[in-house]
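The following paragraphs consider how two chains meet and how the interior of one of them is packed. Please keep the structure in view while reading.

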Amino acid sequence: MTVYFTNPWVLLLMITLIPLVVLTARSLIGISGFRKCVIMIFRSLLFLLLVCALAGLKLAHKSDELAVFFLLDVSKSIPRHKIQEAIDWINEVSKTMKQNDSAGLVVFGSEPSIEKNPVKKFSIKQIQSQVDDNRTDIASALRLCLAAFPEHTQKKIVLITDGNENVGNALDSAYMAKSNKTPILVKLISITAKQDVRIEKMVAPQSSVKDAPFDLKVFLSTQYDTRAKLRIFKDDELILDKTVPVADGKKNLYTVRVTLPDAGFHRFKALIEAPNDTIADNNIAYSFTYVKDIPNVLFVEGNPIDQTLLPPLLSQEKIHIDLIEPSNFPESLNALISYDCIVLSNVAMDKLTFRQMEIIEKAVHNLGIGLVVIGGDQAYGPGGYQDTPLESALPVSMEVTQRKVLPNGALVIILHTCEIPQGNSWAREITLAALRVLSRKDYFGVLYYGAMGGEQWLFKPTLCTNKAKLISLIKNVVPQDMPTFDTTLRMAYNELMKLNTYVKHIVIISDGDPATPNSELIKKISKAKITISTVVINPHSQRDANVMGAIAKLGKGNFYYPKDYNKLPRIFTKEAMVIRKSAIFEKPFLPQYVSYSDILAGFSSGEFPQLLGYVSTTPKDTAVVPLIALNEDPLLAMWRYGLGKAIAFTSDATSRWAQHWIQWDKFDKFWAQVIRWAIRETAGGNYMVSTSTEGETTRIVLDALDNNGYFINYLQPHATIVDPEFQTYELELTQISPGKYATEFKTTTPGNYMMSINVGEKDKPRIIIGGISVSYSPEFNDSHSNERLLQEIARSSGGAMITPETNIFLHNPPTVWQPQDIWQYLVAFAVILLLFDIFVRRVVFGWAEVKEAYMAVAAQFAKIKLLIQTRRRVPATVQTTSTLLKRRKELWEKRQLKEQTTSELLKKLKGIEPEPDEDIVAQPSEPAVKKKEKLPVSPEVASSAPETQDETHIQKLLDAKKRRKKR
Amino acid sequence: MKRFAFILTLCILIGTACHKPNPGDKRADIVTVFGSAGTTDGKFSAPRALEVDSEGNVYIIDKTGRVQVFNRDLSFKYSFVLPDYSKGTPTGFCISPDNQIFIADTHYSRILVYDTNGNLIHSFGQYGDSGGKMIYPTDVAIDKDGNIYVSEYGKNDRIIKFSKDYVFVKEWGGAGTEQGKFQRPMALAIDRRARLLVCDSCNHRVQVFDLDGNFITSFGSVGKAPGELKYPYDISVDAEGNIYVCEYGNCRVQKFSPDGKSLALFGEAGRNPGQLNAPWGVALFGDNRIIVADTGNNRMEIFRLE
């Protein structure tokens with residue numbers, strides 16, 4: 001044990017002790033020498049204790065606790081069975097832990113995660129932590145360990161890995177460990193892959209010309225000589241299927257000559273298969289090439305029956321059209337990159353996922369792809385575009401703000417979801433999905449059965465002006481089992497009847513178990529033009545589903561019975577869209593041409609035919625509105641959104657509203673101009689983009705030449721990258737040489753990165769598009785363990801490579817001291833001393849008083865001791881004076897009787913009257929008290945107790961007896 | 001010093017007097033709270049039905065499909081699992097005088113009969129509308145002659161009577177609010193006067209019939225005041241004929257005299273001891289206690305009757 005101070009400089013205060021003593025002595029006037037001495041001693045001690053407490057006096061004990069962190073590499077380069085072997089080894093080794101030892105586990109790949117903090121009883125069954133396993137970063141794992149060790153313990157790290165780090169520098173962390181007195185023991189995971197054939201990379205030009213051949217290059221490498229099957233796909237079409245020789249240690253390059261007759265973005269995929277190949281993850285590679293030609297448009301038709309005639313008409317206008325249904329809309333951004341424009345014709349939001357809408361928004365904003373939305377009864381507000389990424393991209397808002405009298409609606413949802421798995425979570429999700437569709441002019445209410453209060457409103461029908469507040473309420477709803485539908489339907493009816501809205505709608509979600517509502521109630525609700533839709537989930541029987549169906553039928557609403565709960569949000573979105581039907585105006589009108597726009601070049605005011613309907617919207621601030629409908633509502637609006645352009649046409653292009661337009665001879669010209677205006681603006685001139693990937697860094701290089709072949713300098717190219725996880729990066733390319741610009745960014749995740757480079761101005765972009773493919777994790781680049789690195793890590797940290805003889809829990813790390821605070825004890829003693837100090841100063845006493853006090857205390861102790869001893873010797877029966885006297889009397893009487901008998905006998909014998917014995921009469925015979933030792937009695941005790949007098953009397957009797965005997 | 005002690009004492013007294021007792025701290029009414037959320041022995045997941053046999057053993061069914069049995073000292077005895085509960089679990093059962101367990105297997109349209117060792121003895125009933133068929137049986141009661149009474153909802157909302165040999169005898173009721181009709185009858189009990197008491201839950205009342213189905217009386221109406229009910233889900237009768245009704249909607253148990261006069265209230269909405277959260281069941285426990293299935297709180301609560 002040792003002693004130290006955390007703030008030793010405070011000890012300088014000791015210097016003031018002497019003046020303190022002097023001052024104390026002078027201040028204690030009138031106090032005797034003895035007391036003065038005591039006071040000065042107390043005060044000096046008190047001062048010393050306080051100074052030591054302030055200086056942070058601590059006791060340090062040598063710590064015999066050892067904490068070990070196991071650091072396990074779970075990256076992709078480690079075979080899964082090796083990881084399990086490592087876990088088994090850890091559990092086995094942990095059995096040798098001593099009582100004061102603790103062990104923890106950290107798993108790592110490209111990032112570390114603490115699986116288990118150091119605990120005394122350690123075992124691991126299964127790894128729970130999820131870490132990205134596409135990279136190996138030993139350095140960050142070591143740093144995490146060093147930070148996570150418990151304080152004041154001996155420390156040790158056991159690193160279990162193959163050593164193939166591809167991120168960070170583990171040696172730096174090893175040196176850090178040494179400075180922290182933490183040795184690293186290393187257990188090597190050997191992963192020698194004896195047989196591996198892989199594709200190093202595939203190279204294709206970023207862009208090409210239609211029908212111009214170019215070379216597609218595939219680089220292969222192998223650990224052994226073999227023949228492998230190489231297949232190459234162009235846009236999923238097989239263009240090469242060939243068996244090629246691959247040799248270890250040689251350059252294995254294969255070139256394929258490719259010609260692309262079609263414009264657009266083309267994807268290439270290469271696959272290699274070889275016998276006895278042990279790693280499959282590195283057998284695939286991707287690449288891209290873009291071919292510029294006529295505009296390529298993706299046309300999404302939302303009208304199932306009365307489809308627009310536009311696609312064939314546009315094809316005649318030299319616009320390539322890919323016509324699809326909403327259900328076939330791509331799920332990824334890279335599938336859209338080959339299109340210059342996306343057209344949505346009367347597509348409702350419930351036909352697209354939220355993710356697909358996000359893709360559309362990113363395609364327009366980040367990749368410059370154009371967007372044209374054609375209206376109908378399923379588009380814009382009625383289509384549920386409110387508060388979606390699609391609305392963000394459009395030049396119109398779904399809020400109808402320019403009216404004085406606004407059509408609005410009221411929606412009430414009744415929740416009974418507690419009987420399905422994650423039912424309450426679904427309740428929140430579907431309610432939020434409905435709320436998202438409603439406008440600020442709509443009313444929204446939610447009913448449920450609460451745990452404590454029965455049927456209750458989460459919130460009564462409320463204007464959706466503060467959606468954030470409603471969302472916070474929705475997130476806390478916990479619906480319970482509902483006994484009957486009757487009460488909640490009645491409550492909904494009563495509240496809706498108070499509102500004056502265009503549309504009133506109720507949606508019930510339940511398993512159908514609650515008691516069936518009164519049919520008269522439903523009829524009353526229906527008569528009030530309140531519709532009821534029902535959604536049944538997980539019914540106990542078909543009967544329950546039938547009940548729900550019957551309610552919807554009587555309520556003139558829709559009935560849903562989804563088996564897949566993932567469809568629930570879309571159902572509620574669609575039901576909420578019923579409210580938005582108020583935005584549709586089905587009246588004949590003539591479009592008014594109010595402001596010139598290039599989009600309407602060649603058209604004059606008054607020549608636009610009549611339309612029979614449109615959807616009311618509100619133009620955004622920077623939108624241009626050349627055509628308007630009734631009440632100055634926008635009919636045609638457009639604006640720039642990021643790198644792209646978006647157009648909203650609020651009427652339709654079918655016979656429902658546009659029957660006169662279809663017959664108009666400028667119908668196809670109008671739409672061709674609209675779409676051409678929206679089409680992505682690509683860069684002219686000669687721009688070449690090349691990319692190269694090294695480790696986790698990708699470099700983009702842009703070569704800019706004008707049409708005459710001269711370098712284009714002083715550009716400010718701006719690149720937008722969308723990674724495989726949909727994250728967007730904005731990068732500036734800097735000029736590195738004449739006509740050459742470059743930038744770098746991290747490509748840590750394998751997959752396809754979409755890229756668009758704007759070489760023009762922000763408001764007049766000229767876009768070059770491309771892609772980067774990171775085929776597989778660099779984890780598969782190394783087929784051998786890096787034992788050399790691991791040995792260096794062990795040496796640098798003061799550790800060692802683990803052998804079968806290694807004792808992991810040997811207490812050999814550098815000594816660690818465990819400090820113990822004692823300032824609180826010092827302060828406590830100081831307080832006690834202060835009390836004594838006050839006592840001594842206030843109470844006047846000298847040696848005599850001290851001695852007297854001492855004697856008094858001693859006497860008390862003696863009395864107590866006597867009492868204890870007395871009680872030990874005297875029988876249980878307390879010998880009080882009265883008892884003694886009584887006993888004495890008995891004995892005396894007995895003696896008297898005895899003597900009387902003796903004397904009578906004598907008298908009989910002698911005829912002599914016995915003489916009374918004076919002594920006996922005057923002094924009865926001695927009490928029959930057992931002889932006992934004379935106990936030392938203090939004078940005070942002897943004088944104070946009433947029994948003392950009796951004892952004197954008894955003594956007299958005893959004396960008298962003695963005298964008589966002597967006679 | 002004396003003044004200081006006086007002031008201190010005064011402050012303590014005032015502070016004690018000002019302390020408002022937590023409404024849940026009605027510890028004078030509580031004997032114990034036992035169980036907590038879980039799926040292991042002695043733990044519960046939304047317990048909905050319970051009974052106490054003549055020896056004081058407590059039987060509890062929860063949403064995990066287990067029937068757990070506890071000794072009278074509430075120590076765990078044993079458990080068994082119902083044959084199927086994926087569609088849902090029973091909401092009521094009873095224990096016959098000869099210690100057989102009759103379970104209303106609600107979502108399987110049948111009655112399961114077990115012995116007290118957890119062995120399935122018999123099963124009767126099937127989905128249907130008439131002739132002894134049922135849709136959602138909610139509870140079972142047995143009279144002294146062994147006749148079996150089953151309450152049912154789901155379309156028919158009625159009482160079905162079977163003989164002790166499981167043969168259909170008669171049925172009465174039907175969906176409605178009128179006298180003799182039901183809306184979700186949830187529980188049954190038979191008192192010593194051979195009256196059948198029915199928790200007519202969605203009509204917020206208790207209806208009383210003779211054992212042939214003839215209406216005698218009813219009591220209760222929707223509300224929270226003494227004498228009013230909200231979704232009565234279970235019912236028990238003590239030796240004196242007092243009636244204990246478990247109110248799912250009011251989160252309490254209400255005691256009535258044999259003629260339906262409200263005598264006492266136990267519990268209120270909440271999660272503290274003495275409070276209840278959507279309780280589903282009540283049973284007599286010993287001479288002076290009742291045990292309540294505090295479903296929403298995943299536990300049992302025992303109240304002392306005073």
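The side chains of Asp513(A) and Arg184(B) form a salt bridge, with an N to O distance of 3.7 Å; the term denotes a side-chain nitrogen of Lys or Arg within 4 Å of a carboxyl oxygen of Asp or Glu. Between chain A and chain B the count is 3 salt bridges. Chain A residues on the side that touches chain B divide into 7 nonpolar, 7 polar and 6 charged.

This is a predicted model, in which local features need pLDDT of at least 70 and side-chain atom pairs count only at pLDDT 80 or more, while totals for chains, interfaces and linings use all residues. Residues are numbered from 1 along each chain as its sequence is written, and side-chain values use heavy atoms, with hydrogens and water left out.

The contact (heavy atoms within 4.5 Å) takes 20 residues from chain A and 25 residues from chain B. In chain A, Met452(A), His540(A) and Arg543(A) lose the most area to chain B, together 36% of what that side buries.

Turning to the interior, the largest nonpolar core has 52 residues, and Phe329(A), Leu336(A) and Leu394(A) are among those that touch the most other members. Such a core is a set of buried Ala, Val, Leu, Ile, Met, Phe, Trp, Tyr and Cys residues joined through side-chain atoms within 4.5 Å, where buried means under 20% relative accessible area with a 1.4 Å probe, protein chains only. Not counting residues up to four places away in sequence, Leu394(A) touches partners including Leu371(A), Lys620(A) and Trp639(A). Another core, of 38 residues, lies apart and includes Phe608(A) and Met638(A).

Conventions: Chains are lettered from A and ligands numbered from 1 in the order in which they are written. Buried area is the accessible area (1.4 Å probe) that two parts lose on being put together, summed over both. Ala, Val, Leu, Ile, Met, Phe, Trp, Tyr, Cys and Pro count as nonpolar, Asp, Glu, Lys and Arg as charged, and the others, Gly among them, as polar. Buried means under 20% relative accessible area, exposed over 50%, partly exposed in between (1.4 Å probe, protein chains only).
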